[in-house]
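Q: Please take a close look at a single buried position in this chain and at what surrounds it. I would like one connected account that starts from the contacts and works outward to the chain as a whole.

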Amino acid sequence: MIVAILIACEIGFWVLLGLGLASRYLWKRRRLSTALLVSVPLLDVVLLTAAVIDMRGGATADIRHGLAAAYLAYSIVFGHRTLRWADAKFHHRFAGGPPPPQPPPGGKARVRYEWAYWLWILLAYGVAWAVVLLMTWLVGDPGRTEALTAFVLQLAKVPAIALIWPVSHMLWPKKVESEDARSA
């Protein structure tokens, strides 16, 4: 059952996002768009609630339940940023808006950008831990929820791997021409 809810929430995310952006730019229904886009994070709350209900009903935690925690952590930390990114892309493609902003091409600005992004990833990992601890407390049976701890420990690979980007940009920064040099 959790897998079906997980899949439904993932599909629902993209459907709500697409309908929210279409209603904003194609159908000019700003209120509907806002309602749809605000409801996107609620899908993660539905998924988390279903996971807790499943475990409280006697199920032993596994990766499916851990994914509920990871999805909610992603939504809390990156949800607004993801919506802004999709909004800028949609606005540019379908409503003649300006091109979406790009990360700095190189230099110190790119290094700062990559380190800031890595800190966001680290924050999401911390939120995942907090959600797992909350789920463990809500279920009230550490023996059935120990797989959640194992899952979030395995999830540590994400910030560890993501560390490659800021470190590589710091050690081998791409040189960028200054505005003065380009206009000369």
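A: Leaving aside neighbours within four places in sequence, Ala69 is in contact with Leu48, Ala128, Val131, Val132 and Met135. These contacts come from a predicted model, and Ala69 itself has its place in helix 4. With a relative accessible area of 1%, Ala69 counts as buried, because that value falls under the 20% cut-off.

One of the partners, Met135, can be followed further: not counting residues up to four places away in sequence, Met135 touches Leu48, Ala51, Val52, Met55, His65, Ala69 and Leu148. Leu48 is thus in contact with Ala69 and is also touched by Met135.

The wider setting is the largest nonpolar core, which has 43 residues and in which Leu17, Leu21, Val131 and Met135 are those with the most contacts. The elements that give two or more residues to this core are helix 1 (2–25), helix 2 (30–39), helix 3 (42–56), helix 4 (63–95), helix 5 (107–139) and helix 6 (142–154). In soluble globular proteins, nonpolar side chains tend to be buried together.

A second buried position offers a view of another part of the chain. Ser33 lies in helix 2, and at 0% relative accessibility Ser33 counts as buried. Not counting residues up to four places away in sequence, Ser33 touches Gly20, Ser23 and Arg24.

Turning to the chain as a whole, its secondary structure comes to 9 helices and 0 strands, and of its 184 residues 38% count as buried. Among the contacts with a separation of 6 or more, 71% are made by residues 24 or more positions apart. As for distance along the chain, Ala69 and Lys157 are 88 residues apart, and their C-alpha atoms are separated by 16 Å.

The overall dimensions complete the picture: the C-alpha trace spans about 70 × 45 × 20 Å along its principal axes, and the radius of gyration is 20 Å, whereas a compact globule of 184 residues would have one near 16 Å. The protein chain exposes about 11,400 Å², of which carbon and sulfur atoms supply 69%. Finally, the chain carries 19 positive and 11 negative charges, and the mean positions of these two sets are 8 Å apart.

Terms used:
Residues are numbered from 1 along each chain as its sequence is written. This is a predicted model: local features need pLDDT of at least 70, side-chain atom pairs count only at pLDDT 80 or more; totals for chains, interfaces and linings use all residues. Side-chain values use heavy atoms; hydrogens and water are left out. A nonpolar core is a set of buried Ala, Val, Leu, Ile, Met, Phe, Trp, Tyr and Cys residues joined through side-chain atoms within 4.5 Å. Buried means under 20% relative accessible area, exposed over 50%, partly exposed in between (1.4 Å probe, protein chains only). Helices (H or I, at least four residues) and strands (E, at least two) are DSSP runs, numbered from the N terminus. Contact means heavy atoms within 4.5 Å. The radius of gyration is taken over C-alpha atoms; the globule rule is 2.2 Å times the number of residues to the power 0.38. Accessible areas come from the Shrake-Rupley method with a 1.4 Å probe; for residues, only the protein chains shown count as cover. Lys and Arg count as positive and Asp and Glu as negative; His and the chain ends are not counted. The place of a charge is taken as NZ of Lys, CZ of Arg, CG of Asp or CD of Glu.
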